[in-house]
Amino acid sequence: MGRKWAANRQSLWNEFNDPTKTRDEIIKNVPIGIDKDQWACFVHYRHKPSTLELCRRNKEIRSKQVIPHTGGSKANPRRRNELLLEIGKLPSRGQLYIETHKRKDGSFVNKAAKTIAEQIEVGLTQSIVDESEVSPLDVVGRVLGLEHSGRVRCMGLGAVPSNTFRNTRLRASSLSSSSSDVAFPSSNQWQEKYNNLESAFKAYMIMKEGRIPEELASYFIPDQTHPNDASSVPNTPLDARGSSGASNP
């Protein structure tokens, strides 16, 4: 209820506010479906000096935006859901960016927004990933760069990188930046680990089965470069696992 009110109160005020009328006249013009007492409180709130000052400051801040948007007070999650119903699939951040930087006549708010939107459109047509998945490497991330720590573009209030990108599968940038600090084992170390694992597995199979099963025998052909390995684990029945004295007459 609160989100719906936040998204619609500005459009409601724009529709029923008339600068040529007094406060009492506006209060008497109650919108259909709105309680008259609630409407009166809302009109009083809109005419408070602190509210008028806040509106003035917000207007001044919007005028300083390099690339203004046309999203208004409608929440982006709500806008995204509306696009989902319209196009039949979850829209990408790129589609949301284009949608919120166009005027009603289809033109962009300025040249900078048009340039960015054109780059996004090209990126969408050439993308080989699922752009509906919000990611730092989706088309908006590729065109506009890294996100500020306190927001994620086109995702609305409350969205920050730490909670929006937490489940993304695209971590290429993190992997590439950290790979230089990781000490990978050498080929000799890998070979030693493999030999130890192989010996342990052979010993386990002989202990459990009494011998190496025929279907696995081909995996344990002794390496010619390690002739001593052939005698390390006997490929004989379980009673062949006697002491060293048993093998000597």
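How much surface does the protein expose, and what share of that surface do carbon and sulfur atoms supply? In this predicted model, the protein exposes about 18200 Å², of which carbon and sulfur atoms supply 54%.

**Figure 1. Overall view of the predicted model, an arrangement of helices without strands.** The protein contains 12 helices and 0 strands, and the elements, read from the N terminus on, run α-α-α-α-α-α-α-α-α-α-α-α. Of the 249 residues, 24% count as buried. Among the contacts in the protein with a separation of 6 or more, residues 24 or more positions apart account for 48%.

**Figure 2. Close-up of the aromatic pair formed by Trp 13 and Phe 42.** A pair of aromatic rings is described by the distance of the centres and the angle of the planes. The structure holds 4 aromatic pairs, one of which joins Trp 13 to Phe 42 in an edge-to-face arrangement, with 5.8 Å centre to centre and 90° between the planes. Because Trp 13 belongs to helix α1 (residues 2–16) and Phe 42 to helix α3 (residues 36–47), this pair ties together parts that are 29 residues apart in sequence. Trp 13 has a relative accessibility of 6% and therefore counts as buried, and Phe 42, with a relative accessible area of 8%, is buried as well.

**Figure 3. Close-up of Trp 39 and Phe 42, an aromatic pair within helix α3.** The rings of Trp 39 and Phe 42 form a tilted pair, 5.8 Å centre to centre and with 45° between the planes. Both residues lie in helix α3, where they are 3 residues apart, about one turn of the helix. Trp 39 is buried, its relative accessible area being 1%. Ring pairs link Trp 39 and Phe 42 with Trp 13 and Phe 16 into a cluster.

**Figure 4. Close-up of two salt bridges, Arg 56 with Glu 53 and Arg 78 with Glu 82.** Side chains of opposite charge can pair when their charged atoms come close. The structure holds 9 salt bridges, including the one in which the side chains of Arg 56 and Glu 53 meet at 2.7 Å, N to O. Arg 56 and Glu 53 are 3 residues apart in helix α4 (residues 49–63), so about one helical turn separates them. Arg 56 counts as partly exposed at 43% relative accessibility, and Glu 53 likewise counts as partly exposed, at 36%. In helix α5 (residues 76–87), Arg 78 and Glu 82 are 4 residues apart, about one turn of the helix, and their side chains meet in a salt bridge at 3.5 Å, N to O. Arg 78, at 33% relative accessibility, counts as partly exposed, as does Glu 82, with a relative accessible area of 32%.

**Figure 5. Close-up of the salt bridge between Asp 138 and Arg 93.** The closest N and O atoms of Asp 138 and Arg 93 are 2.8 Å apart. The pair links distant parts of the chain, with Asp 138 in the loop between α7 and α8 and Arg 93 in helix α6, 45 residues apart. Asp 138 and Arg 93 are both buried. A network of salt bridges links Arg 93 and Asp 138 with Glu 147, Arg 151 and Arg 153.

**Figure 6. Close-up of Thr 100 in the loop between α6 and α7.** The loop that holds Thr 100 runs between α6 (93–99) and α7 (111–126). Thr 100 has a relative accessibility of 7%, under the 20% limit, and therefore counts as buried. The side chain of Thr 100 reaches the backbone oxygen of Tyr 97 at 3.2 Å. When residues up to four places away in sequence are not counted, Thr 100 touches His 69, Thr 70, Gly 71, Asn 76 and Arg 79.

**Figure 7. Close-up of Cys 154, a residue other than glycine with a positive phi.** Most residues other than glycine have a negative phi, and most peptide bonds are trans. For Cys 154, by contrast, phi is near 70°. Cys 154 lies in the loop between α8 (139–144) and α9 (161–164), and Cys 154 is buried, with a relative accessible area of 13%.

Key:
Residues numbered from 1 in each chain as written. Predicted model: local features only at pLDDT ≥ 70, side-chain atom pairs only at ≥ 80, totals over all residues. Heavy atoms only, no water. Helix = DSSP H or I, 4+ residues; strand = E, 2+ residues; numbered from the N terminus. Buried < 20%, exposed > 50% of the residue type's maximum accessible area, 1.4 Å probe, protein only. Polar contact = N/O pair within 3.5 Å; in protein donor to acceptor, adjacent residues only side chain to side chain. Contact = heavy atoms within 4.5 Å. Phe/Tyr/Trp six-rings, centres within 6.5 Å; stacked < 30°, edge-to-face > 60°. Salt bridge = Lys/Arg side-chain N within 4 Å of Asp/Glu carboxyl O. Areas by Shrake-Rupley, 256 points an atom, 1.4 Å probe, with all protein chains shown as cover.
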